[in-house]
Structure formats: structure tokens, C-alpha cells
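Thanks, everyone, for making the time. I would like to walk through one model with you, starting with the ligand and its surroundings and then turning to a single residue.

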Amino acid sequence: MSAPSDLEALETRLSVGIKAAPDLAALDALRVNALGKKGEVSLKMRELGKMSPEERQVMGPALNGLKDRLNTLVTCRKTVLEDAVLNAALDSETVDVTRPVSHQARGSLHPVGQVMEELAVIFADMGFAVAEGPDVEDDFHNFTALNFPSNHPARDAHDTFFLKSAEGETSKLLRTHTSPVQIRAMMNKKPPIRIIAPGRVYRRDWDQTHTPMFHQVEGLVIDEDTHMGHLKGCLMDFVSTFFETDLVEARFRPHHFPFTEPSAEMDVRYESVGNAVKIGSGDKWMEVLGCGMVHPNVIRSCELDPEIYQGFAFGMGVDRLTMLKYGMPDLRPFFEPDSRWLSHYGYSPLLQANLATGLS
Ligand code: DAH
């Protein structure tokens, strides 16, 4: 039969082993050897049944204490060894971020992101800054301040996603266009203002050429002597730089938008070459954007005096521009995570769009 002094010797031997375990596998083997079903301590526990009540009173608590202390030692050693494994991995997996990126780098930019970059570069060259607004808007910025009368059918045409709001809270919606950024720009900054606002917009629409989320870019110029001539010059320059041709022939077709007066849609002359379009020649006209002189009511909603300030605005669909420029026949893959499509149409993250060496 064991005596308390045997247990001391056993504890010393097992503890030394556990504390010196070189790795997690060795530690687990030691744990099984000591505390597993057939381990040394467990075998001693079994002997309790054969002991006299007096002996059991001494050996029971002694064995339980031994078991607890060994368990604690195993847990401590385990933490030390796990930390060592983690530190070794962190050391061997460090990345030197100052090293040049390999030209074998995988991954590419989505064409829509690339086109947004191109738009920012083109308009920056004309003095425009990039502005942003929230995707979750309110009725005031998305409609009312943009001169959409309440209950006007133009609101329905946007097929808005409304968000649930709590009692007494202003109701929120997903912006249906990037035009509300115009309002935010005019309310936050004194003219002169020259901004473009690229971003996501949302409408309840889903078919071959419509997705419930798509991308637009908005443009706004507000100053004291701005007129339609500036609008026309700016947009002609834009189209010629974006489609990389000097041969732009455009027509401005009268249209209606609540937030501009007069309003127009800009068409450019083009011909189809396979899936792509060639701008500047051919006998077809293609609509590229909506534009107009900012309506005095919109300027007034932003607490500016329309007798002093005027300007122009424009808006266009980025996904559609991307399809046209790069000859992509279908909109849907834009929103499907298909890596084959992305590696075919995607852009190198290392080649920044710029006007000096070419856009794309
Ligand atoms: N917000 C319009 C839309 O979503 C696009 C637009 C047209 C914006 C004319 C403008 C503009 O700023 O002047 O269809």
C-alpha cells in the first residue's frame, strides 16, 4: 500500500517531467501517463477501495491534492508551450512591408473600381475634388432639397428602398442616386464648389440590365458666373479623355430632371465594334449622362442665394460606362464573385490610372 511519503516522491518525479516537457506532444504523453485512465495517479486512486477507513481518510485528500497540483502544472506548461509555438510562427511569418511588391502579385482591381479611379483622375485634372455622402439617406437630401415635389411621380420612378424607423424618428432610405451629395456639398461649404461624388446607389430593380445596387458619379459646379457653355466644355472634355479620342461629337437633348433647369441628356456619336463601342464615328447616338443648370430651388434649399450663385450638375451610371468602354456585354457578372471573370477583366493594382501614361 502507498504511504504519503511515496506520494511525495511520485509528485516530485512527475512534476519535474511536466515542467521540462519539450513540446506539446511530450506534455500530453506525460499527462496521460500521470492522470489518464491508466496513469500512475489514477492507479493509486483505485487502491483507495482496498484501504481501511482510517488510511482512506489520509490518502484520499492527499491523492486529490496531488491530482489538482499536477493538473495545474500541466495547464501552466501547456500555456508556455503554446505561446512558444505562436511566437515561432509570428517570427517566421513576418512580412517586410518595405520590400518591393512582387510583379507576380495575384489579385486585381474590379473594373468598376478602376473606372471610378479614372473618373477621379480626369475630373481632378479639371479642378474637381472627390466628395462623399452616406448610403443611408433621408427624404430631405434624397428628394425634397432636390426639388422633387411631395407625392410627385418622380419619387415613385426611383423605386426606393425605405428603412424601418422608430416612432418619431425621421424615416431613412437607401439613396436612389448620388445627387444628395450635391446638397451636402452646398450646405457644408461656401462656393466656389467643384466636386464629383462617386458611390453606390440603390433601387428596387432586378433584371438583365438592372441590379438593386449600382454605381453612379455625380458632378457639381457652383460659382458666380457659371453657364451652359461651361457645362458643355467640361463634359465634352470628359468624354474625350475617358474614351481616349479627340473625335467627340455630342448632342444635348432637352430632358426633365426636377433638380436642374434647363435639363439635358448628353448623347455621343458612336459605332459598335464587336462588343465594344467606338466613340466619334458611326451613325448612332448613345446617351451617356444627364445634366443641367442647378435649379434655383435647389440652391435656395441649401441656404444659398440663387441671384448670386449658379452652376451645373451632371450624373451618370458608372457600371454602364464601364461596360461601354471595355466592351462587356452583361452587367450581372459585375456583382458575382467569379475569380475567372475578375482575372480576365480586372486591373493590376500596381498600375494607377493617370493622364500622363494613359488611363487604362
Ligand atoms: N440623379 C439622376 C439619376 O439618378 C442623374 C442626374 C441627372 C444627376 C442630371 C444630375 C443631373 O446631377 O444634373 O438618374
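How many ångströms is an oxygen atom of the ligand from an N or O atom in the side chain of Gln216? In this model, which I should say at once is a predicted one, that distance from the ligand oxygen to the side chain of Gln216 is 3.0 Å. The side chain of Glu218 also takes part, with one of its N or O atoms 2.6 Å from an oxygen atom of the ligand, and Phe314 contributes through its backbone, where an N or O atom lies 3.4 Å from a ligand oxygen. As for cover, the ligand has 350 Å² of accessible area on its own, and the protein covers 90% of that.

Where, then, does the ligand sit? The ligand is placed in the largest pocket, and the elements that each give two or more residues to the shell around it are strand 5 (213-223), strand 9 (284-294) and strand 10 (310-317). In total, 15 residues surround the ligand, and the closest of them are His177, Ser179, Arg203, Gln216 and Glu218. Sorted by class, that shell is made up of eight polar, five nonpolar and two charged residues.

Let me now turn to Asn142, which is found in helix 6 (residues 139-142). Is Asn142 buried or exposed? Asn142 counts as buried, because its relative accessibility is 0%, and buried means under 20%. Its side chain is joined to that of Thr176 by a polar contact of 3.0 Å.

Technical notes. Residues are numbered from 1 along each chain as its sequence is written. This is a predicted model: local features need pLDDT of at least 70, side-chain atom pairs count only at pLDDT 80 or more; totals for chains, interfaces and linings use all residues. Side-chain values use heavy atoms; hydrogens and water are left out. A residue is near a molecule or strand if one of its heavy atoms lies within 4 Å of it. A polar contact is a pair of N or O atoms within 3.5 Å; within protein, one must be able to donate a hydrogen and the other to accept it, and residues adjacent in sequence count only if both atoms are side-chain atoms. Accessible areas come from the Shrake-Rupley method with a 1.4 Å probe; for residues, only the protein chains shown count as cover. On a 1 Å grid over the protein atoms alone, a cavity is a set of points where a 1.4 Å probe fits but cannot get out, and a pocket is an open set with protein on both sides within 12 Å along at least five of seven lines; lining residues have an atom within 4 Å of a point. A molecule sits in a cavity or pocket if more than half of its atoms lie within 2 Å of its grid points. Helices (H or I, at least four residues) and strands (E, at least two) are DSSP runs, numbered from the N terminus. Ala, Val, Leu, Ile, Met, Phe, Trp, Tyr, Cys and Pro count as nonpolar, Asp, Glu, Lys and Arg as charged, and the others, Gly among them, as polar. Buried means under 20% relative accessible area, exposed over 50%, partly exposed in between (1.4 Å probe, protein chains only).
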